[in-house]
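Please open the model in the viewer and show the side chains. This tour proceeds from one selection to the next and considers aromatic rings.

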Amino acid sequence: MKVLLTCLCIGVALTLAACSDRTDQSSIPEIPELPLQTSVHARQAPIVPVEAMLRVGADVAAPADALQQVTLHDDARVFHGSVQDGIGAAELIAYLEADASSFQSPEEEGMGVDLVPAGLFLRFGAVPPTIRIADGTPPELVDETVRVVQAINAALPKDWQLRVSRDPASAGAIAPPDGEILITFARQEDWPEEAAPPTGEDIGLAEPLFTVVPTGDPEAPFRIEIAAGRVFVDHTRTEGLERLGVIAHELIHLLGRGHVDPDRFPRTIMVAGGSEELSAHILHPLDREALLAVYGHLEPGTALERIADTLGDWADSSLHVRGAVDLEDGEVAFGAALRNGLVQPWASGPSPHAALADNAELSGSVSWSGRLLGLTPEAETVAGAADLSVDLATLAGSADFTALEQWAADAAPGALGSGTMWNDGDLSYTIEVRGNTFVQTGGDDGTVTGAFFGPAHEGMGGVLERDDLSAGFGGKR
C-alpha cells in the first residue's frame with residue numbers, strides 16, 4: 001500500500017510526497033576531472049571543485065581576515081579565534097518544528113482519530129543505514145552517490161557515518177532489509193508501478209519503511225522510526241550539481257527530514273522542488289546543522305515540544321584554527337572548526353592544470369613538506385609537521401605527521417615547541433594517488449583525504465580525521 005507520509009500506517013511502506021528538484025543548471029568549472037569513486041571511498045572526506053580551486057573536507061573555512069594571526073610555524077601563518085558563522089538556535093528550532101509539522105496527518109477516514117496531531121519528529125533507526133546501489137549502475141552514477149554520502153557524512157557525528165556497501169543490490173529489489181537503503185537509477189517509466197508517483201513529472205522519489213519501537217514510557221509507549229527505504233532517481237532528466245542535489249534530497253528524506261516552506265526556509269535542499277541555489281558542496285548550512293542536531297544531540301523519540309529544551313545552548317559561533325602556506329601564485333590554506341561538539345577539518349588551494357602522473361617536469365620520488373593544524377573534541381589545538389612523498393612510477397607514497405604538540409582547550413597555539421606532546425607525537429600513513437587526489441591505504445588509525453594544489457603541483461593538502469583529532473594540513477614542494 002502506498003500512501004503519503006501525512007498518513008502513518010504501521011508495518012506498511014509509506015511514500016514521501018513527490019520530490020522534484022529542478023533548478024537552474026550550474027556547470028562545474030573546467031579543471032581536471034576528479035577520478036571516479038567507488039563504494040570503498042564513501043568513508044573519505046569530500047573533494048569539491050569550486051571555480052579554479054579544490055576544496056577538501058567540510059565547507060567550514062573561515063576567511064583569514066576574520067581571525068587573528070597568532071604565530072608562525074615554519075612557513076605557515078597560524079590563525080586562531082571564534083567566528084559567528086552558524087545558523088543559531090532560533091532558526092534551527094524553527095526549521096525542525098516546521099519539518100515535524102510537515103508530517104501532521106488529517107483525521108484518517110473511517111478511523112475517527114488524528115494519528116499525528118502535533119506532527120512527527122522522524123529519524124532513521126538506532127544505527128546508521130548501509131546504502132546499496134542497484135547492480136548494473138554506471139560508474140558515473142556510483143561516483144555521484146558516493147560524493148553525496150561524503151557530503152552528508154561531513155555534517156554527521158563520527159558515530160553516525162553512512163556507509164556504502166561493496167555489494168550492490170539486486171536490480172529490481174523490492175523490500176530492503178532493516179538498516180538498508182536501496183538506490184536505483186532508472187527512467188521514471190521504468191520505476192516499479194507501486195513506486196511511480198501519479199503525476200509522472202518527478203525526478204526523484206524516496207520510499208521509507210517504518211517500524212514501531214517500544215519505549216517503556218507509559219506516557220508515550222512507542223515511537224515510530226524509519227527502518228529502511230528505497231530511493232529512485234530518473235538520471236535521464238537531470239545532471240551535474242542538480243542531480244547531486246536530487247540524490248541528497250531523497251537520502252535526507254530517508255534520514256527523516258520532510259519538506260518545509262520555501263518562502264520561510266529558502267536555503268535548504270529540503271524544500272519541495274529543490275533549493276533555488278545550488279551549492280557545489282551539495283548541502284546548505286541549515287541542512288548540515290539539522291543533521292548534526294538530529295543525530296548528535298536529539299534522542300530518538302524526542303517530543304516536538306522538547307526540541308528547544310533538548311538542544312539547549314546551541315552555539316552559532318565556531319572555534320577555528322587556520323594555517324596558510326604561500327605558493328608562487330596563491331596559497332594552500334587548511335585547518336579545522338569546532339561547533340556544537342563536531343570538529344570539521346578542511347583544506348583548499350588552486351587546482352592543478354593536469355593530473356600528477358602527467359606532469360612531465362616531475363620524476364622519481366617527489367616530496368612536499370608543510371604543517372598540520374587541527375582540534376581535538378575538547379577544543380585543544382594540535383599542530384605538527386606534515387610531510388608527503390610519492391613515487392611517481394607507482395603513484396604510492398606516505399603521509400607522515402610528526403612532532404605533534406597540543407595546547408590547552410580554547411587556547412591559541414604558541415610558537416613551535418611551546419606545547420605539550422600530543423599522544424606519542426607522530427602519525428604515519430601509506431597513500432595512493434588518484435588523479436590529483438590521494439587517500440590512505442594503511443597505517444595508523446584515521447582517514448586521510450588529500451589533493452595536490454597549484455598549476456604544476458607545487459602544493460598539497462588535505463584532512464586527517466580520527467576520533468581524537470580532526471585536522472587540516474598543507475605544504476609545498
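Is Trp160 buried or exposed? The model is a predicted one. Select Trp160: its relative accessible area is 5%, and because buried means under 20%, Trp160 is buried.

Next, add Tyr295 to the selection. Tyr295 is likewise buried, with a relative accessible area of 5%. The structure holds eight aromatic pairs. Trp160 and Tyr295 form a tilted pair, because their ring centres are 4.2 Å apart and their planes meet at 40°. Now display the backbone around both residues. Trp160 belongs to the loop between helix H2 (139–153) and strand E6 (163–164), while Tyr295 lies in helix H4 (residues 285–296); the pair therefore ties together parts that are 135 residues apart in sequence.

Move on to Phe438 and Phe452. These two rings also make a tilted aromatic pair, with 5.3 Å from centre to centre and 55° between the planes. Strand E18 (residues 437–443) carries Phe438 and strand E19 (residues 447–453) carries Phe452, so this pair ties together parts that are 14 residues apart in sequence. Both Phe438 and Phe452 are buried.

Keep these two residues selected and add Trp368, Phe401, Tyr429 and Phe473. Together with Phe438 and Phe452, they form one aromatic cluster.

Finally, turn to charged side chains. Which ring lies beneath the charged end of Arg257? Select Phe121: the charged end of Arg257 sits over its ring, 5.3 Å from the ring centre. Then select Arg322 and Phe79. Here the charged end of Arg322 sits over the ring of Phe79, at 5.7 Å from its centre.

Conventions
Residues are numbered from 1 along each chain as its sequence is written. This is a predicted model: local features need pLDDT of at least 70, side-chain atom pairs count only at pLDDT 80 or more; totals for chains, interfaces and linings use all residues. Side-chain values use heavy atoms; hydrogens and water are left out. Rings of Phe, Tyr and Trp (its six-membered ring) pair if their centres lie within 6.5 Å; planes under 30 degrees apart count as stacked, over 60 as edge-to-face and the rest as tilted. Helices (H or I, at least four residues) and strands (E, at least two) are DSSP runs, numbered from the N terminus. Buried means under 20% relative accessible area, exposed over 50%, partly exposed in between (1.4 Å probe, protein chains only). A charge sits over a ring if NZ of Lys or CZ of Arg is within 6 Å of the ring centre and within 35 degrees of the ring normal.
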